[in-house]
Amino acid sequence: MTKPPKPKPLLQDDKPVRSRPRKPRNPAQPNLPLDPMPDRIEPCLALLKARPPKGDDWVYEVKWDGYRLSVHVEPKGIRILTRGGHDWTDRFPAIKQAALWLPVGTAILDGEAVVLDEQGRSDFGLLQQSLGGRGGKMSSSEAIFMAFDLLYFDGHDLRNSELDMRRHLLEDLVPAGGQGDIRLSEQIEADGDQLLASACELDLEGIIAKQRRAPYRSGRGGEWVKIKCVQSDSFVIVGYERSTVARAGIGRLLLAARKGKKLVYVGGVGTGFNERNAYELREKLDCLVTATPAAAVDRKGAIFVKPKLVAEIEYRAWTDDGKLRHASYKGLRDEHDNAAVFDLE
């Protein structure tokens, strides 16, 4: 296959600071006791912040727009698990093959499956198309794995080790600058505000900040922080409005967020569809039509659907009455991806 383009560097003048390669290990020593290999590890999730954190304790990476995965290199073979723990090994054959070539006996890599556009930017829509859409069963030969953490290595559980230590070992396995189907998500030591501005100029989704001395903790504990150029979150589709001119007859999707145990209407989205995803979406919606709205929606002519589909929506801001501004449809989240629906606090 033709390799996707390499992502553009965020800082044109300053090169990213990379760790020095470690010396080759002598497999005969030391003989340390081995840790049992976890069957699955709940991922560490980034906390959304408006501005990048400051201080020498923070390092930065590009925020990738794809599916969060863990790649397990085990004695019996390779397993590729989604954020929700579903086995998607067969859906990423190129990543599986690349994992078989890694110079390690056992390992668990944390990262993101992405498809890059012609400018080297991750594109969630392209990734979904390569997998056959939400609920599709296709395998993707275009997706690559951007590795950003190493949780288990040659019989040793690394979760209690500092990020710097885990990154040293990860860069032994996945060298910086590689062009294979498993690549290193490179760390960048820079001023956070300047880096965010550079990311936004390149039309990237944003950046991730990580505490360099923090251990790996599952859940959203604040050791990792995400800062976005444009807001992008997941919302439940509770209905749609017909159009005589729009693709597949969908003029507008009606969206809802969670508030406690209820769904609250937060407006609609009428842009971002292309011919392919619009027709696929209409087929799914027509199977879910119901007379009972899942959220209170005062829209004449609205067609309500059961709240089964979750859409990824890009938007600029919120209106004073709690509706999305300048919203654009990016695609449907797969149920196996365990995407969290936006919560109205």
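A charge sits over a ring if NZ of Lys or CZ of Arg is within 6 Å of the ring centre and within 35 degrees of the ring normal. I wrote that down before opening the structure, which is a predicted model.

**Entry 1: charges over rings**

I looked up Trp88 to begin with. Arg91 lies over the face of Trp88, at 4.5 Å from the ring centre. Then I went to Trp224, where Lys210 lies over the ring face at 3.9 Å from the centre.

**Entry 2: aromatic pairs**

How many aromatic pairs are there? I got a count of eleven. I picked out the pair of Tyr67 and Phe124: the ring centres are 5.9 Å apart and the planes stand at 90°, so I noted this pair as edge-to-face. Tyr67 belongs to strand S3 and Phe124 to helix H2, so the pair ties together parts that are 57 residues apart in sequence. Buried or exposed, I wondered about Tyr67 and Phe124? Both are buried.

My next pick was Phe148 with Trp224, whose ring centres are 5.8 Å apart with planes at 85°, so that pair is edge-to-face. Phe148 is in strand S6 and Trp224 in strand S10, so here the pair links parts 76 residues apart in sequence. I checked burial again: Phe148 is buried at 7% relative accessible area, and Trp224 counts as buried at 5%. The cut-off I used for buried is under 20%.

I also found that Tyr67 and Phe124 form one aromatic cluster with Trp88 and Phe92. Trp88 is the ring that has Arg91 over its face.

**Entry 3: the cavity**

I searched for cavities of 30 Å³ or more, and the structure holds one. Its volume is about 90 Å³. The residues lining this cavity include Arg40, Ile41, Pro43, Asp110, Leu151 and Tyr216. Which elements give two or more residues to the lining? They are strand S3 (67–74) and strand S4 (77–82). S3 gives the most, with three residues. By class, I wrote down six nonpolar, two polar and four charged residues for the cavity lining.

**Entry 4: the largest pocket**

I turned to the open spaces next. The largest pocket has about 930 Å³ of space. It is lined by 36 residues, and Ala46, Arg83, Arg220, Lys226 and Lys228 are the closest to its centre. Among the elements that give two or more residues to this lining are S3, strand S9 (206–211), strand S10 (224–228) and strand S11 (231–242). I listed the classes as 15 nonpolar, four polar and 17 charged. Arg83 turned up earlier too, as one of the residues lining the cavity.

**Entry 5: the second largest pocket**

Here the volume is about 700 Å³. Of the 35 lining residues, Asp65, Asp123, Phe124, Gly125 and Lys330 lie nearest the centre of this pocket. So Phe124 is back in my notes, after the edge-to-face pair with Tyr67. Helix H2 (124–130), helix H5 (275–286) and strand S18 (328–332) each supply at least two lining residues. The class split is ten nonpolar, eleven polar and 14 charged.

**Entry 6: helix H3**

Last, I asked which residues of helix H3 (residues 163–173) are buried. They are Leu163, Arg166, Arg167, Leu169, Leu170, Glu171 and Leu173. An α-helix has 3.6 residues a turn, so residues three or four places apart point the same way. And what covers the buried residues of H3? I found that the cover includes S2, strand S5 (107–114), strand S6 (144–153), strand S8 (182–184) and S9. S6 is the strand where I had already met Phe148.

Methods:
Residues are numbered from 1 along each chain as its sequence is written. This is a predicted model: local features need pLDDT of at least 70, side-chain atom pairs count only at pLDDT 80 or more; totals for chains, interfaces and linings use all residues. Side-chain values use heavy atoms; hydrogens and water are left out. On a 1 Å grid over the protein atoms alone, a cavity is a set of points where a 1.4 Å probe fits but cannot get out, and a pocket is an open set with protein on both sides within 12 Å along at least five of seven lines; lining residues have an atom within 4 Å of a point. Grid points are joined across faces, edges and corners, and a volume is the space filled by probe spheres set on the points. Helices (H or I, at least four residues) and strands (E, at least two) are DSSP runs, numbered from the N terminus. Ala, Val, Leu, Ile, Met, Phe, Trp, Tyr, Cys and Pro count as nonpolar, Asp, Glu, Lys and Arg as charged, and the others, Gly among them, as polar. Buried means under 20% relative accessible area, exposed over 50%, partly exposed in between (1.4 Å probe, protein chains only). Contact means heavy atoms within 4.5 Å. Rings of Phe, Tyr and Trp (its six-membered ring) pair if their centres lie within 6.5 Å; planes under 30 degrees apart count as stacked, over 60 as edge-to-face and the rest as tilted.
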